[in-house]
Amino acid sequence: MHLHDFWFLLIAVLWTGYFFLEGFDFGIGVLTKGFAKDRTERRVLINTIGPVWDGNEVWLITAAGATFAAFPDWYATLFSGFYLPFLAVLVCLIVRGVAFEYRHKRTGERWQRNWEHAIFWCSLLPAFLWGLVFADIVRGVPIGSDKNFSGTVLDLITPYSLLGGLFTLVLFTFHGAVFAALKTEGEIRHRARSYATVLGMTSGVLALAFLGWTQAESGNGRSLAALVVSVAALVLALVMNHAGREGWAFACSGVAIAAAFALVFLALFPDVLPSSVNPAWSLTVAESASSPYTLKIMTWLAVPLTPLIIGYQAWTYWVFRKRIGTRHIPAPATH
């Protein structure tokens, strides 16, 4: 395996890890409206991700940084062409993080309600935009002969990309509902399982539509296997959720996300950003990579550090593994 192929694989793993982890806390944010009946239940949901949400976002920083270092041409064209969607995601992540930290600083009704709106919308919008962006990446965007993006933001909005956005939004919300069932107790836990059933079935339909469309246009034998795994994992997640095996259900919903994005990267390879204008102008793994010496130095750093980081984050989840419920939420202070 060439080093540039290895780094494409590693970047695919980093993005997949990010969506596995950030997917459920996006889902929790979406569930704070509609699912949570009152402020106490919203606090329970937010507290389920309180110790881990910021650690999940490290995967995004690492994935973007690795793309910049290993494939500078890909990074330059991608981040210039998708500037507005990426800016929207960045603003949402900033506001969402502030909302988590500031929401409880004051007890005023209006103060808390506004931050809760921010948590909801700044979870929903990125969950949708990530699907839209990766749908456009795998299908291709206008790239000229100079290997630069030559379109407008309207070129990023197509029926296919909108379907991709809807798919990730529902899939991440399903992942969040399963996580809520895993991490809560009492009525919230049982209601989360009911929500997960509906969201899981909807995710299955959207998976067949979006992943099937992707496979038909860009797929190969390996991506077909990923499609089968993703759909099968969704079905198994529903079975485990119905049986009350929340841990297995969460693992299966995570596998469904991982397999879905594996399909995207498998269908994309050996390109990193296809040109919808002329296939000869597409950015490829080999042509967009940094020098072999740069990739070699990066590999020597990444090989020992990546397992260490994964191990540390796994330990964090183990420490905060206990369930919480409304009984753990103190009553609001009265004056």
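1. In this predicted model, the side chains of Glu116 and Arg103 meet in a salt bridge, with an N to O distance of 3.2 Å. The two residues belong to distant parts of the chain: Glu116 lies in helix α6 (residues 109-139), whereas Arg103 lies in the loop between α5 (83-102) and α6, and 13 residues separate them.

2. The surroundings of this pair deserve a remark. Glu116 counts as buried because its relative accessible area is 2%, and Arg103 is likewise buried because its value is 5%. The salt bridge between Glu116 and Arg103 is one of 12 in the structure.

3. A second salt bridge joins Glu187 to Lys37, where the closest N and O atoms are 2.9 Å apart. Glu187 is in helix α8 (residues 186-218) and Lys37 is in the loop between α1 (3-31) and α2 (39-49), so the pair ties together parts that lie 150 residues apart in sequence.

4. How accessible are the two partners of that bridge, Glu187 and Lys37? Glu187 has a relative accessibility of 48% and therefore counts as partly exposed. Lys37, with a relative accessible area of 57%, is exposed, the cut-off for that class being over 50%.

5. Glu41 and Arg191 form a further salt bridge, their closest N and O atoms being 2.8 Å apart. This pair, too, links distant parts of the chain, with Glu41 in helix α2 and Arg191 in helix α8, 150 residues apart. Both Glu41 and Arg191 are buried.

6. The pairs in points 3 and 5 should be read together. Lys37, Glu41, Glu187 and Arg191 are linked in a network of salt bridges. Within this network, Glu41 and Arg191 are buried, Glu187 is partly exposed and Lys37 is exposed.

7. Helix α12 merits separate comment. The helix covers residues 292-319, 28 residues in total, and spans 40 Å from its first C-alpha to its last, close to the 40 Å expected at 1.5 Å a residue. A bend of about 35° occurs in α12 at Ala302, and a proline, Pro304, follows within four residues.

8. Which residues of α12 are buried? They are Leu295, Met298, Thr299, Ala302, Gln313 and Thr316. Ala302 thus appears both in this buried set and at the bend of the helix. The buried residues of α12 pack against α1 and α3 (53-70).

Conventions. Residues are numbered from 1 along each chain as its sequence is written. This is a predicted model: local features need pLDDT of at least 70, side-chain atom pairs count only at pLDDT 80 or more; totals for chains, interfaces and linings use all residues. Side-chain values use heavy atoms; hydrogens and water are left out. A salt bridge is a side-chain nitrogen of Lys or Arg within 4 Å of a carboxyl oxygen of Asp or Glu. Buried means under 20% relative accessible area, exposed over 50%, partly exposed in between (1.4 Å probe, protein chains only). The expected span of a helix is 1.5 Å times one less than its number of residues. The bend at a residue is the angle between axes fitted to the seven residues ending there and the seven starting there. Contact means heavy atoms within 4.5 Å.
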